[in-house]
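Student: I have a structure to study, and I would like to work through it by question and answer. May we begin once it is in view?

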Amino acid sequence: FWALEGAIPMSFLIEFRDHVVVIEAPGNEERTEAMLAEVKRVTPNKPIRYVVNTHHHSDHSGGLRAVVAEGIPILTHQSNKAYYEKLFRNPSQIVPDRLSRTPKAAIIEGVGDKRVLTDGTRTVELHHLSGNLHADSLLVVYLPKEKMLLQADAFAPRPPGAKPLPSSPYTTNLLEHIRSRNLDVAQLVHVHGGMDPFSALVETANRRGTN
């Protein structure tokens with residue numbers, strides 16, 4: 001499991017026995033092409049089976065056209081599928097990108113409430129945070145063996161020394177889903193940078209106000 005740094009939001013690489021899966025294609029074509037090149041450098045003998053898109057907001061989906069141009073299948077919530085298919089058919093006219101120059105049909109698989117990716121040795125779960133007000137299409141990525149949950153925008157801890165704020169409904173929704181799905185989470189990895197123990201999520205979600 002690698003964090004592919006360089007800018008925020010970040011991408012992540014998960015290695016399976018004979019392939020890899022990438023989480024997020026943020027930014028733009030240039031950023032995502034650099035990220036895909038780094039994936040190939042780190043795991044040169046394993047193809048990219050999927051790129052997982054956590055939600056449709058532009059900072060998390062801006063590089064997906066480069067993914068389509070590369071012929072890599074995309075996993076995203078099923079509510080995004082028709083929107084993305086239309087988006088990727090449209091040409092990039094002001095500054096033509098690779099997909100406009102060499103059009104290719106997008107391969108998009110919609111995720112419902114849950115999707116499990118496994119090769120028999122490693123298992124990764126995608127869970128839909130239904131009812132999350134940040135984006136109703138929001139997906140989180142759970143690694144059961146590592147007890148690690150990767151999330152985007154549902155939980156944004158305050159920096160050290162900053163004044164605590166009341167809990168966000170995004171955060172309480174995340175905690176409710178973790179508990180209702182009985183996910184054994186020890187660490188949260190944030191797409192916008194950093195890691196926190198599960199206890200930090202609980203503390204933040206239970207904070208109703210400040211003095």
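Tutor: We may begin with Ser79, which counts as partly exposed because its relative accessibility is 48%. Please keep in mind throughout that this is a predicted model.

Student: Where in the chain is Ser79 placed?
Tutor: Ser79 does not belong to a helix or strand here, but to a connecting segment. Strand 5 (74-77) lies on one side of that segment and helix 4 on the other. The place of Ser79 is therefore the loop between strand 5 and helix 4.

Student: How far apart in space are Ser79 and Gly112, C-alpha to C-alpha?
Tutor: Along the sequence, 33 residues separate Ser79 and Gly112. In space, the distance from C-alpha to C-alpha is 8.6 Å.

Student: Is Arg207 buried or exposed?
Tutor: Arg207 is found in the segment after helix 7 (198-205). Its relative accessibility is 18%, and the limit for burial is under 20%. Arg207 therefore counts as buried.

Student: Which residues are in contact with Arg207, leaving aside its neighbours within four places in sequence?
Tutor: Tyr142 may serve as a reference point: its C-alpha atom is separated by 25 Å from that of Arg207, with their positions 65 residues apart along the chain. The contacts of Arg207 beyond its sequence neighbours are Pro164, Leu165, Pro166 and Ser167.

Student: What radius of gyration does the protein chain have, and why does it agree with a compact globule?
Tutor: The chain has seven helices and twelve strands, and its C-alpha atoms fill a box of roughly 55 × 40 × 30 Å along the principal axes. A compact globule with 211 residues would have a radius of gyration near 17 Å. The chain agrees with this because its own value is 17 Å.

Student: What percentage of the contacts with a separation of 6 or more is accounted for by residues 24 or more positions apart?
Tutor: Burial gives some background, as 47% of the 211 residues count as buried. Among contacts with a separation of 6 or more, the share from residues 24 or more positions apart is 62%.

Student: Which residues touch the most other members of the largest nonpolar core?
Tutor: This core has 21 residues. Strands 2 (11-15), 3 (20-23), 4 (48-52), 8 (123-128), 9 (139-143) and 10 (148-151) each give two or more residues to it, and strand 9 gives the most, with three. The members that touch the most others are Ile23 and Val141.

Student: Which residues does Ile23 touch, not counting those up to four places away in sequence?
Tutor: The partners of Ile23 include Met10, Ser11, Phe12 and Ile14. The others are Val52, Thr54, Val141 and Leu150.

Student: How many residues are in the other core that lies apart from this one?
Tutor: Among the members of that other core are Leu4, Ala25, Ile74 and Tyr84. The number of residues in it is 20.

Student: Is Glu24 buried or exposed?
Tutor: Glu24 lies in the loop between strand 3 and helix 1 (29-42). Its phi is near 80 degrees, a positive value in a residue other than glycine. Because its relative accessible area is 0%, Glu24 is buried.

Student: What is the phi of Asp153?
Tutor: Asp153 is found in the loop between strand 10 and helix 6 (169-180). Its phi is positive, although the residue is not glycine, and the value is near 75 degrees.

Student: Which peptide bond is cis, with omega near 0 degrees?
Tutor: A proline in the loop between strand 1 (2-4) and strand 2, Pro9, takes part in this bond. The cis bond runs from Ile8 to Pro9.

Student: Which helix gives the most to the lining of the second largest pocket?
Tutor: This pocket has a volume of about 180 Å³, and its lining has six nonpolar, two polar and four charged residues. Helix 4 (81-89) and helix 5 (98-101) each supply at least two of the lining residues. With three residues, the one that gives the most is helix 4.

Student: How much space lies in the largest cavity?
Tutor: The count comes to one cavity of 30 Å³ or more. The lining of the largest cavity includes Val68, Gly71 and Ile72, and by class it has five nonpolar residues, one polar and one charged. The space in the largest cavity is about 30 Å³.

Notes. Residues numbered from 1 in each chain as written. Predicted model: local features only at pLDDT ≥ 70, side-chain atom pairs only at ≥ 80, totals over all residues. Heavy atoms only, no water. Core = buried A, V, L, I, M, F, W, Y, C linked by side-chain atoms within 4.5 Å. Buried < 20%, exposed > 50% of the residue type's maximum accessible area, 1.4 Å probe, protein only. Helix = DSSP H or I, 4+ residues; strand = E, 2+ residues; numbered from the N terminus. Contact = heavy atoms within 4.5 Å. 1 Å grid on protein atoms, 1.4 Å probe; cavity = no way out; pocket = protein on both sides within 12 Å on 5 of 7 lines; lining within 4 Å. Points joined across faces, edges and corners; volume = space filled by probe spheres on them. Nonpolar A, V, L, I, M, F, W, Y, C, P; charged D, E, K, R; others polar. Rg over C-alpha atoms; globule rule 2.2 N^0.38 Å.
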